[in-house]
Amino acid sequence: MNRIGFGTDIHRLEPGRPMVIGGIVIPSAFGPAGHSDGDILLHAVTDALLGAVAAGDIGSHFPDTDERWRGADSTRFVLEALSLTRERGYRIANVDATIDLESPKLRPFIDAIRARVAELLAVDVDCVSVKAKTGEGLGPVGSGSAISATAAVLLERRS
Ligand code: MG
């Protein structure tokens, strides 16, 4: 049996914060505010993995009131969610994600982001899709005050 999961995340952008997306540092004068490193892509993928096995959400596993997660490297969240799906007998079939960000343009970094996410999830890079779009000047993304991400993941039962 296959299982599908879906995750979203949004963070405010603030000057002077590092912009880390999918574990890759993007040169930018602004970055996501947050308790952890604010990696919206890894947060959305973590929530998609947890959602696929109905195991709660990133906030229940890694509460932002917990000092352990202050400035945390979000790769830790995604790796823990991944191991939870494995314990339950699943492996990842594919991941499809979209990042919404007005600037900088992410196209030059997409392949590095895909490669890093694939490495973290221990899947082939062609199993990981990362797309980027702008807010067309509309809403919090379009005004440059937020970055958001959505991710879908398909799990298949290990034979
Ligand atoms: Mg987040």
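The following conversation goes through the sheet, the helices and two local backbone features of a predicted model.

Visitor: What makes the five strands an open sheet with edges, and in which order do the strands stand?

Guide: The order is β4-β1-β7-β5-β6, and the pairing within this open sheet is mixed. β4 (30-32) and β6 stand at the edges because each has a single partner strand, so that one side of each is left without a neighbour in the sheet. On average, neighbouring strands of this sheet are turned by 20 degrees against each other, direction ignored.

Visitor: How do you know that β5 and β6 count as paired, and in which sense do the two strands run?

Guide: Strands pair if at least two bridges are found between them, and strand β5 (residues 90-100) shares six bridges with strand β6 (residues 128-133), in the parallel sense; β5 and β6 are therefore a pair by that definition. If you wish to locate the pairing in the structure, look for Ile99, which stands opposite Ala132 in β6.

Visitor: Which pairings in the sheet are antiparallel, and over how many bridges does β5 pair with β7?

Guide: β5 and strand β7 (residues 146-157) pair in the antiparallel sense over ten bridges, and within β7 the bridge partner of Asp96 is Ala152. Strand β1 (residues 2-15) is also antiparallel to β7, with eleven bridges, and here Arg3 stands opposite Leu155 of β7. The pairing of β1 with β4 is antiparallel as well and extends over three bridges, with Leu13 opposite Pro32 in β4.

Visitor: What do β5, α4 and β6 make together, and how does α4 lie on the strands?

Guide: β5, α4 and β6 make a right-handed β-α-β unit, in which α4 lies across β5 and β6 and runs at about 145 degrees to β6.

Visitor: Why is α3 called oblique to α4?

Guide: Two packed helices are described by the angle between their axes and the distance between the axes. Helix α3 (residues 75-87) packs against α4 at an angle of about 45 degrees, with the axes 9 Å apart. Angles under 35 degrees would count as roughly parallel and those of 65 to 115 as roughly perpendicular, and since the angle here falls in neither range, α3 is oblique to α4. In this contact, Thr75, Val78, Leu79, Leu82 and Arg86 of α3 meet Arg116, Leu120 and Leu121 of α4, and the residues divide into five nonpolar, one polar and two charged.

Visitor: Why are α1 and α3 called roughly parallel?

Guide: The axes of α1 and α3 come within 9 Å and cross at roughly 15 degrees, and because angles under 35 degrees count as roughly parallel, that is the term for this pair of helices. The crossing of α1 and α3 is left-handed. From α1 the contact involves Leu42, His43, Val45, Thr46, Leu49 and Leu50, and from α3 it involves Thr75, Phe77, Val78, Ala81, Leu82, Leu84 and Thr85; these residues divide into nine nonpolar, four polar and no charged.

Visitor: What makes up the contact of α1 with α4, and is the crossing left-handed or right-handed?

Guide: Helix α1 (residues 40-52) and helix α4 (residues 110-121) have axes that come within 12 Å and cross at roughly 40 degrees, and the crossing is right-handed. Leu41, Leu42, Val45 and Leu49 of α1 meet Ile113, Val117, Leu120 and Leu121 of α4. Because Val, Leu and Ile count as nonpolar, the residues of this contact divide into eight nonpolar, no polar and no charged.

Visitor: How do you know that the peptide bond between Ser103 and Pro104 is cis, and what is unusual in the phi of Ala54?

Guide: Most residues other than glycine have a negative phi, and most peptide bonds are trans. The bond that joins Ser103 and Pro104 has an omega of about 0 degrees and is cis, and Pro104 has its place in the loop between β5 and α4. Ala54, although a residue other than glycine, has a positive phi, near 50 degrees, and lies in the loop between α1 and α2 (58-61).

Note on methods
Residues numbered from 1 in each chain as written. Predicted model: local features only at pLDDT ≥ 70, side-chain atom pairs only at ≥ 80, totals over all residues. Heavy atoms only, no water. Axes fitted to C-alpha atoms, helices over the stretch in contact; angles between N-to-C directions. Helix = DSSP H or I, 4+ residues; strand = E, 2+ residues; numbered from the N terminus. Left-handed = near helix turned anticlockwise from the far one by under 90°. Contact = heavy atoms within 4.5 Å. Parallel < 35°, antiparallel > 145°, perpendicular 65-115°, else oblique. Right-handed = clockwise from strand over helix to strand, strands pointing away.
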